[in-house]
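Thanks, everyone. Please have a look at the model on the screen, and then I'll walk you through it.

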Amino acid sequence: MPLSDVSVRIDIASPTSSIGFGTSLVLSEAEGGIEYKEYFGIEEVLEDFEENSEEHKAALRMFAQDPKPERVAIAGKDLLESYVDYLRTIINKGWFRLTSVTTDPEEIEEISDFINGDTGDGVQTKVYFARTDDENFVQVLKEKEHDNTLVFYHEDISNYPEAGLAAVGSTYSVGEITYKFKNISGIEPLEVSSGFLNELHTNGAITYVTKAGDNQTSEGIVVTGEYLDVIEGKHWVQVNIENRIQKLFNNSPKVPITNSGIASIEDEVITVLDQAFENGIIADDGDGNPLYSTDFPTREELSEEDRASRRLRRATFRFELAGAFHDAVIEGEILF
């Protein structure tokens with residue numbers, strides 16, 4: 001995680017019964033490693049990688065989307081290096097969505113462990129798009145509750161369907177789309193039964209099918225069953241609040257421990273929440289007003305310990321997700 005004096009924690013309350021968000025990374029490996037680099041077209045990729053190399057195929061799938069992403073990053077670990085050790089060195093680069101060349105289940109699990117904070121690095125604000133041709137593999141990640149990992153099942157994984165989906169996501173602002181119903185250029189749909197599809201979704205994976213004559217992703221969930229747009233919205237809000245408040249600290253002679261100083265911090269939170277509403281992350285009340293609230297303490301409500309340690313605590317915010325429809329049940333009646 002980047003060095004910061006600001007910590008934002010967001011819990012997703014499920015009801016009972018722009019920093020790097022547009023950049024996808026292709027993670028590979030090679031003897032001596034591959035230096036992190038951003039490419040602005042497939043022609044640039046061909047300058048560094050042979051045609052039909054795994055790096056080229058993944059980048060080609062990304063740049064083949066319409067609209068295509070502005071940039072794609074490629075980087076790789078040394079053959080003798082672990083994925084976790086290498087990812088630690090590039091975690092602060094300007095990427096958000098991660099794809100990998102590897103399809104080895106143990107290596108995918110290792111990468112997913114890191115992205116989901118299982119390796120002692122804390123909760124990461126990145127997401128991982130993995131692919132597999134084994135519909136049962138996702139159970140391994142589901143049991144670990146990896147809500148930052150999406151698994152794309154397909155019988156032909158040589159075409160990088162998950163890279164195409166990551167690229168589709170990178171062409172929108174976070175909050176503008178759901179990952180269901182998305183067309184991925186260059187990917188053939190599977191012919192599967194509704195029973196197989198339901199079981200796949202229950203297990204936490206998605207695939208590519210045809211509905212009403214249109215080729216599209218079958219769902220937009222991560223392995224825990226949560227919707228990926230919810231996870232991305234959570235990360236967007238967290239990262240932008242942390243950065244705006246850090247910038248406030250950096251660029252002010254000081255932010256005083258006064259009611260006006262506390263209000264200036266709260267204003268930064270409100271600015272991010274307003275933008276999240278404009279992006280479609282936060283719902284409205286029916287009259288066009290965003291459904292969020294903030295609750296910051298006054299100076300008098302701060303403990304002596306917090307004032308002495310110069311720490312603002314018990315500052316909170318809440319918002320209601322806008323979400324997106326993924327299916328519909330409509331009842332009709334015929335009259336005689």
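Which residue in S9 is the bridge partner of Val209? It's Gln216. Keep in mind that this is a predicted model.

Let me stay with that hairpin. S8 covers residues 208–211, S9 covers 214–217, and they run antiparallel. Four bridges join them. Two residues sit between the strands, and Ala212 takes a positive phi near 55°.

Now the sheet. It's open, with seven strands and mixed pairing. The order is S2-S3-S1-S4-S5-S6-S7. At the edges you find S2, residues 34–39, and S7, residues 205–206. Each of those pairs on one side only.

Look at S5 and S6 next. Residues 127–132 run parallel to residues 149–153, joined by five bridges. Tyr128 in S5 has Thr149 in S6 as its bridge partner. Helix H6, residues 161–170, packs on the sheet. H6 touches S1, S4, S5, S6 and S7. Its direction makes about 165° with that of S4.

On to the interior. The largest nonpolar core has 37 residues. Phe129, Leu165, Leu228 and Trp236 have the most contacts inside it. S5, S6, H6, H8 and H9 each supply at least two residues of this core. H8, residues 228–251, gives the largest share, with eight.

Take Phe129. Its contacts include Leu98, Leu150, Leu165, Ala166, Tyr179 and Leu228. It also touches polar residues, among them Arg97, Glu162 and Glu232.

There's a second, separate core, with 28 residues. Ile90, Val138, Val151 and Val223 are among them.

Definitions and conventions. Residues are numbered from 1 along each chain as its sequence is written. This is a predicted model: local features need pLDDT of at least 70, side-chain atom pairs count only at pLDDT 80 or more; totals for chains, interfaces and linings use all residues. Side-chain values use heavy atoms; hydrogens and water are left out. Two strands pair if DSSP finds at least two bridges between them. Contact means heavy atoms within 4.5 Å. Axes are lines fitted to C-alpha atoms, for helices over the stretch in contact, and angles run from 0 to 180 degrees between N-to-C directions. A nonpolar core is a set of buried Ala, Val, Leu, Ile, Met, Phe, Trp, Tyr and Cys residues joined through side-chain atoms within 4.5 Å. Buried means under 20% relative accessible area, exposed over 50%, partly exposed in between (1.4 Å probe, protein chains only). Lists of a residue's contacts leave out its neighbours within four places in sequence.
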